[in-house]
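Reader: I'm new to looking at proteins, and I'd love a close look at one part of this one. Could you pick a single residue and walk me through its surroundings?

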Amino acid sequence: MKKNVFLFFLALFAVLFTGCQNNESDFPSSDNPTVVVSTKEIYGAPTRKFEIKAALADDLGLKSVHIQIPELSLDKVITFETDPLLETYNLSYFFEVPADRGTSEAFKIKLTITDVSGNAVDEEINLRLDGEFSAPAISMLSPNEGAVILLSTSNIMPVNFVVNDDSGIDYVQVKCAALNIDETVQLQGSPQTYTFSKEYVLPVTAANYVLTITAKDKFAIPNTGSLNINVVATNEYPAIYLCDQPKGTNLKTDAAGVPMYFHEKNGQNFEFKYYADKDNKEIYFLGQESDFAPHCFGLDGSENIVDAASSAPIILPTKGYYNIKMNPNTMAYTVTKYTPSSKVWADIANGSWNDDEALRKTFVSVCGEGVKDANWDTWNAWVMGSLHLANNPDNPYQLVGEITLTGSTMKITFTGQWWNPQWRLINNGIATMSPGENGNGAYTAAPGVYKVIVDTELERAFITKK
């Protein structure tokens, strides 16, 4: 009898428990869920991620969405909470195409959306792996970034650039609000290469301008490339640079100091200090920092200085330090060799850290940001041996080394213990013996290994791609 009573209550408990469970999972009937995909065709490529986007909704509540591409082993279920019920959901799911798939392949993405009432709807999206995602490549011929247009010579600004794109070019556009330039060239036939060439007239007053060059391609999902070019229109040169690189050298690959910024300026009289590291060193003067055009000063056949693309280099006959003066208006220049008298920072490779200043031996290392292993702590600069500089055996006024740039903004101070000594790298490659008047300059350069020369006589840093 007791056994029967026990079984009765056990059965009753099971019924009650099951009833409670059913009450929690049972929902009234409702309409089918809805799905609106952002596109019916997605373009992808091997090793590239693509995004599945859709707006899901149900009048009572969503239960789950099932994402499938069997051929790519994609089988993902996203389940939604039911307390509270979720009536809308913006699906955004990323998936990377395996590297072993071909660019000619195509697949179906299946979405199954289920609501809490058990209703389910399917939606399919086409996936193609022949996507083209590169923006049109814009190559400026003129003007280059930072170009100087000398209004006293001509107020004509030639704009020349080449656009390339694999899927074909839809249009190119040149804009400059300050010059009322807004020109769009709509291209026919989707050419893969297009050259733009036109001259614009500048006002006769000096000013800075920003040209915005834009190009859009003809891919099914268009890609757009854009480039801003800063131009200086002036009656006088704001700066002259000394360049010791051969013509045709890409002057944008180094991080700082190439070409070299002037030391003194009085009107249009520019003065440089310069170190020739070998006999018969060849130099030019440039009217802009980033290129040899449009203003490159060298010598003509009569050894006179001229502003011409065909000019020959100025020759510094022997190794050593020089004081050089030039005036781009009068085309006059002088070259005088001299012997430095500034302090020599010797034997820094054998420096040592010591809190007792009397026992300390000077070292010079790299502090800052955008440099691998570096930060703003001088103790870190000491313990990271890869950041230390050494004396140049060929020049007692130069400290040399190597650094690895990360590709983020570079700011640097060359320092010893407790910032003594220190040379702060400000703008234009100037490395001033601190305390300097300006804060650290911000530089951008591609990641990689760079050679470093700090010339304590010139107060210049040269950080060049290895």
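Author: Happy to! Let's go to Phe 285 in this predicted model. Leaving aside residues up to four places away in sequence, Phe 285 touches Ile 240, Tyr 241, Leu 242, Phe 272, His 295, Cys 296, Phe 297, Ile 305, Ile 314, Ile 324 and Met 326. Now zoom out a little. Phe 285 is among the residues with the most contacts inside the largest nonpolar core, which has 37 residues. Ile 240, Leu 242, Phe 272 and Ile 324, which you have just met as partners of Phe 285, are also on that list, together with Tyr 274 and Ile 283. Why might such residues gather? In soluble globular proteins, nonpolar side chains tend to be buried together.

Which strands build this core? Several supply at least two residues each, including strand 17, strand 20 (269-276), strand 21 (281-286), strand 22 (296-299) and strand 25 (320-327). Strand 20 gives the most, with 5 residues. Apart from this core lies another, of 27 residues, with Val 65, Ile 78, Tyr 93 and Phe 107 among them.

Two of those strands also lead us to an open space. Strand 17 (241-243) and strand 20 each supply at least two residues to the lining of the second largest pocket. That pocket has a volume of about 590 Å³, and 28 residues line it, with Asp 244, Asp 277, Ile 453, Phe 462 and Thr 464 closest to its centre. Strand 33 provides the largest share of the lining, 4 residues. Sorted by class, the lining has 13 nonpolar, 9 polar and 6 charged residues.

Conventions. Residues are numbered from 1 along each chain as its sequence is written. This is a predicted model: local features need pLDDT of at least 70, side-chain atom pairs count only at pLDDT 80 or more; totals for chains, interfaces and linings use all residues. Side-chain values use heavy atoms; hydrogens and water are left out. On a 1 Å grid over the protein atoms alone, a cavity is a set of points where a 1.4 Å probe fits but cannot get out, and a pocket is an open set with protein on both sides within 12 Å along at least five of seven lines; lining residues have an atom within 4 Å of a point. Grid points are joined across faces, edges and corners, and a volume is the space filled by probe spheres set on the points. Ala, Val, Leu, Ile, Met, Phe, Trp, Tyr, Cys and Pro count as nonpolar, Asp, Glu, Lys and Arg as charged, and the others, Gly among them, as polar. A nonpolar core is a set of buried Ala, Val, Leu, Ile, Met, Phe, Trp, Tyr and Cys residues joined through side-chain atoms within 4.5 Å. Buried means under 20% relative accessible area, exposed over 50%, partly exposed in between (1.4 Å probe, protein chains only). Contact means heavy atoms within 4.5 Å.
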